[in-house]
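This report looks at charged side chains and the pairs they form. Please keep the sequence and the structure in view while reading.

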Amino acid sequence: MALTSSSSSSAITALLKPHLQLSNEPIISFSPSFFTLSSNHFFHHPNPMTEASIFSGLFTKSKDIKTLKDELFDAIAPLDRGAEAAPEDQQRVDQIALKLEALNEIKEPLKSNLLNGKWELLYTTSQSLLQTKRPKFLRPNGKIYQAINVDTLRAQNMETWPFFNQATANLVPINARRVAVKFDYFRIVGLIPIKSPGSGRGQLEITYLDEELRISRGNRENLFILKMVDPSYRVPL
């Protein structure tokens with residue numbers, strides 16, 4: 001699930017290498033195209049076709065990621081963060097997200113500085129956040145942000161209009177891409193601090209990360225798509 005707590009009045013969400021030792025012994029060739037026999041040195045013989053293939057593969061992957069990201073942004077643009085998403089819309093977004101997750105290059109996001117900063121929520125399937133059963137004027141209508149700092153393992157959720165509610169939380173790594181989320185304080189209307197009763201807990205897994213896009217999934221099967229807006233933002237301690 002998102003960084004959420006059932007006790008938050010407006011469902012604030014957690015949106016958080018053969019060592020080759022040179023000697024006097026001959027170096028045995030490991031590959032005809034890569035190493036040659038020498039008494040003290042080895043020489044690299046580039047294979048133009050291999051290098052071209054590697055370059056082509058990297059270029060294709062980068063192109064695929066850009067194409068998928070554009071497709072994802074186009075798919076979620078009219079969905080009001082997911083509040084207007086029909087089941088077929090949710091399925092389409094999830095399929096694109098799965099393709100991006102398969103191309104994810106950041107295998108250990110909790111060790112990456114790309115995770116640091118303030119992210120804007122673009123889309124989610126979390127009903128506790130969308131609150132679609134409420135009248136629209138009683139839902140969060142302004143932008144919703146989630147900030148994460150990996151050095152301090154802190155996270156913060158921030159609503160804007162009309163409630164301006166906030167929540168801060170400690171992150172406890174479960175592995176290199178999943179954290180347990182433990183909320184400590186909520187702020188109602190951004191002003192009134194309320195200590196978390198202890199029930200504000202959840203988990204969050206970062207399944208795709210780059211300099212502008214983050215995809216996360218929660219332990220309630222919810223999907224969260226966010227874009228970076230301020231990489232310098234610091235979460236209060």
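Lys-69 is buried in this predicted model, since its relative accessible area is 7%, which falls under the 20% limit for that class. The side chain of Lys-69 meets that of Glu-212 in a salt bridge, with 2.6 Å from N to O. Because Lys-69 belongs to helix 1 (residues 48–76) while Glu-212 sits in the loop between strand 7 (201–209) and strand 8 (213–218), this pair ties together parts that are 143 residues apart in sequence. Glu-212, for its part, counts as partly exposed at 35% relative accessibility. Which residues are joined into one network by salt bridges that share partners? They are Lys-69, Asp-210 and Glu-212.

Strand 8 also takes part in such a contact, for Asp-94 in helix 2 (residues 87–102) pairs with Arg-217 in that strand, so parts that are 123 residues apart in sequence are tied together. Here Asp-94 is partly exposed at 25% relative accessibility, whereas Arg-217 is buried at 18%.

A further salt bridge links Arg-234 with Asp-151. Arg-234 lies in the segment after strand 9 (223–230) and Asp-151 in the loop between strand 2 (144–149) and strand 3 (154–159), so the pair connects parts that are 83 residues apart in sequence. Arg-234 is partly exposed, with a relative accessible area of 43%, and Asp-151 is exposed at 55%.

| Salt bridge | N to O distance |
|---|---|
| Glu-212 and Lys-69 | 2.6 Å |
| Asp-94 and Arg-217 | 3.0 Å |
| Arg-234 and Asp-151 | 2.9 Å |

The count of salt bridges in the model comes to 13.

Conventions
Residues are numbered from 1 along each chain as its sequence is written. This is a predicted model: local features need pLDDT of at least 70, side-chain atom pairs count only at pLDDT 80 or more; totals for chains, interfaces and linings use all residues. Side-chain values use heavy atoms; hydrogens and water are left out. A salt bridge is a side-chain nitrogen of Lys or Arg within 4 Å of a carboxyl oxygen of Asp or Glu. Helices (H or I, at least four residues) and strands (E, at least two) are DSSP runs, numbered from the N terminus. Buried means under 20% relative accessible area, exposed over 50%, partly exposed in between (1.4 Å probe, protein chains only).
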